[in-house]
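Trainee: Could we go through this model together? I would like to see how each label follows from its rule.

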Amino acid sequence: MSDTESRTDGDAAVTARIRQNLEQTTVEDVGLYVVLLVMAAFYLVPIESGLVTSFKTGTAVIETAPFAPPGPSGFTLAKWQAAVDALLRGMGNSLLYAVPATVISAVVGSLMAYGLTIPNWKQAYKAPLLAIIIAGIFIPYQAVLVPLTQFWSQWVELTSLLSFVWALGIPNDYAGIIELIVTHVAYGIPMCTLLFRTYYTNLSEEMIESARLDGASLRRVYRRIVLPLSGPMFAVVLIYQFTQIWNDLLFTLVLVATESSPAAPVVLILAGLGSSLEGQDFALRMAGAFLAALPTLAVYIFFGDEFAEGVAA
Amino acid sequence: MFDNLRRLFAALSPSSRADEEVRPDGGVVSEESARQPDSGSDPGPVGRVTEALNSRFGSDFTESSVFWLLPFLLMALFVYGAIIWNLLISLTDYRGFANAPDYSNLDFEMYARALGDPGFIDAAINTFVLLIGFTGVTLVVGLVLAILIDRGIRFENSFRTIYLLPMSLSFVVTAQFWLWMYNYNNGIVNSVIGVFGLGPVSWLGNQAVVLPAIIFALMWQFSGYAMVVYLAGLRAIPSEHYEAAKVDGASTMKMYWRVIIPQLKGATISAAVVLMVFAMKAFDFLYSLVGGYRPPNGADILATKMVREAYANLNWAYGSAIAIVLFAMALSVIGPYLVYEYRRDNL
């Protein structure tokens with residue numbers, strides 16, 4: 001019921017429609033809820049099945065139905081233990097690049113969107129520039145992979161440039177982490193800029209214009225007016241970028257290469273987890289999948305509503 | 001929650017401001033613009049350039065460039081610089097363990113090779129089928145969900161959250177789930193169709209069904225996104241349109257088909273473009289499904305073939321050529337979309 005109530009603070013039209021529907025509960029309505037529940041099951045079953053399977057012993061995986069919970073004899077935490085052992089290192093590595101890359105690209109996106117939205121310069125030049133930036137969102141990353149490999153292996157060789165770091169005893173595979181930060185920031189800029197731009201175009205122009213007329217510099221306007229108002233959008237962009245970067249497999253595959261590397265991110269380890277010559281250990285795979293999804297699921301559950309509004313914008 | 005983020009950001013921002021001042025050219029530009037107001041007496045060479053730029057591009061051009069120029073250059077280097085470089089590599093014969101391509105002898109050999117490679121033709125067709133099939137099915141399911149949810153139901157937020165839940169998972173994770181769903185002996189999909197006396201089907205092993213099976217899994221993941229976009233579109237339609245249709249005595253089906261759906265063109269276009277972009281990133285899904293470069297037979301797409309040729313077979317130039325074809329495909333979708341948005345003044 002609270003759901004209906006929270007919705008009604010929206011526009012009156014929706015309220016009217018809700019009321020209309022509540023008044024005439026018919027066969028049609030029952031059908032509607034049946035369809036909605038069936039669809040909810042459709043979206044939940046793969047996840048639910050994965051969750052129960054991750055707690056099953058090898059025999060229970062084969063003997064019980066895939067969506068049924070394990071019986072007391074078939075229940076085990078061993079697979080989760082194994083998944084933690086295999087993935088914990090990778091999760092640390094993923095955080096090591098996902099957090100800085102997320103924060104940097106959000107800050108840069110905000111600055112860039114501000115510079116391309118609020119300051120007063122000709123739309124005829126701004127629009128093509130924006131088109132170039134926005135087109136960057138839609139690039140299939142395959143089109144830049146080989147040059148990216150060339151760039152990081154021949155032109156900017158972090159393994160030799162940062163030799164003093166590796167001399168401290170840090171494995172030089174961690175150069176891949178730094179490469180991932182720079183790469184994710186570069187390819188994240190277009191999306192972050194677009195999200196902030198949509199938000200900044202809707203800011204009140206009067207306040208900014210009067211500040212400008214009083215002689216405030218662009219820097220000052222950004223720091224005193226725009227940045228303090230950017231909070232909600234920072235939430236959306238940070239969530240979006242963190243999910244994207246944490247989940248990305250392609251760049252990690254190309255820049256870090258092997259799952260046995262000490263710097264291997266979690267997605268890389270997960271992709272090969274639980275498959276061997278004897279067959280696939282599905283319980284281990286499911287436990288690993290949940291573990292790897294935990295940070296993004298947590299972010300989604302806590303900030304889901306802001307995220308939904310963000311993608312709709 | 002926003003307050004926390006703002007505090008976090010406030011804690012971070014002094015350092016980022018310090019960075020900004022360290023940047024060599026960023027600092028120079030801002031000094032110029034600070035000098036600019038009293039530049040009437042003696043502008044000097046730098047001031048004159050600033051003035052010329054400002055009169056050409058608009059009054060805030062040079063001052064605003066501090067904010068966007070450096071990130072723009074970084075982005076341009078990594079996106080457009082890399083694509084041009086990739087085009088160049090695709091014209092060489094670069095392969096094997098050599099460190100760098102030999103740029104002295106450029107030709108279209110790799111593209112000719114692609115046309116003669118049945119694997120490439122198959123992958124191109126599969127990519128096309130995946131793009132169209134996935135986008136179409138996902139849009140339809142998303143639209144139906146949005147219409148159902150928009151009928152003023154109870155627990156709307158809960159339903160919406162559940163439908164959107166798979167989208168919060170990564171390809172790497174959903175691939176594990178669907179590998180289990182499609183499992184021949186114990187998978188749920190085979191138990192469900194078993195109820196109707198069908199199957200079991202080897203979903204990922206049979207060339208005829210593997211691509212539809214993958215499209216179905218991707219639809220499961222992203223139809224929630226289409227739903228959210230359509231929901232926003234539906235909410236933007238004035239309720240008089242519903243009422244007018246009702247007064248005219250149109251049935252519910254007819255009302256949606258004739259009155260409502262035609263008004264969702266904008267939502268359809270923007271959702272379709274984003275879904276196609278997701279589909280082109282299906283590489284992650286296919287890689288994780290098998291834990292390697294070789295997707296199930298019958299499900300090879302250009303994205304997987306490109307990475308396999310370059311990084312498993314070390315055919316760098318050939319991989320680059322495939323990447324250019326993929327890029328051209330993406331461009332043929334994105335280009336018209338950007339023009340459309342530009343015409344509608346959305347940029």
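Mentor: Here are some labels and the values behind them. This is a predicted model, where local features need pLDDT of at least 70 and side-chain atom pairs count only at pLDDT 80 or more, while totals for chains, interfaces and linings use all residues. Residues are numbered from 1 along each chain as its sequence is written, and side-chain values use heavy atoms, with hydrogens and water left out.

Trainee: Why is the pair of A:Phe196 and A:Phe234 called edge-to-face?

Mentor: Rings of Phe, Tyr and Trp (its six-membered ring) pair if their centres lie within 6.5 Å; planes under 30 degrees apart are stacked, over 60 edge-to-face and the rest tilted. Here the centres are 4.8 Å apart and the planes at 65 degrees, so edge-to-face is the label. The pair joins helix α10 (residues 175-201) of chain A to helix α13 (residues 231-247) of chain A.

Trainee: What makes the pair of A:Tyr199 and A:Tyr200 tilted?

Mentor: Their centres are 6.2 Å apart, with 50 degrees between the planes.

Trainee: Why does A:Tyr199 count as partly exposed, and is A:Tyr200 buried or exposed?

Mentor: Buried means under 20% relative accessible area, exposed over 50%, and partly exposed in between (1.4 Å probe, protein chains only). A:Tyr199 has 24%, so partly exposed fits; A:Tyr200, at 1%, is buried.

Trainee: How do you know that α10(B) is largely enclosed by the rest of the structure?

Mentor: Of its 29 residues, 22 are buried, so that description follows.

Trainee: And where does α10(B) bend?

Mentor: At B:Gln221, by about 45 degrees, the angle between axes fitted to the seven residues ending there and the seven starting there.

Note on methods:
Chains are lettered from A and ligands numbered from 1 in the order in which they are written. Helices (H or I, at least four residues) and strands (E, at least two) are DSSP runs, numbered from the N terminus.
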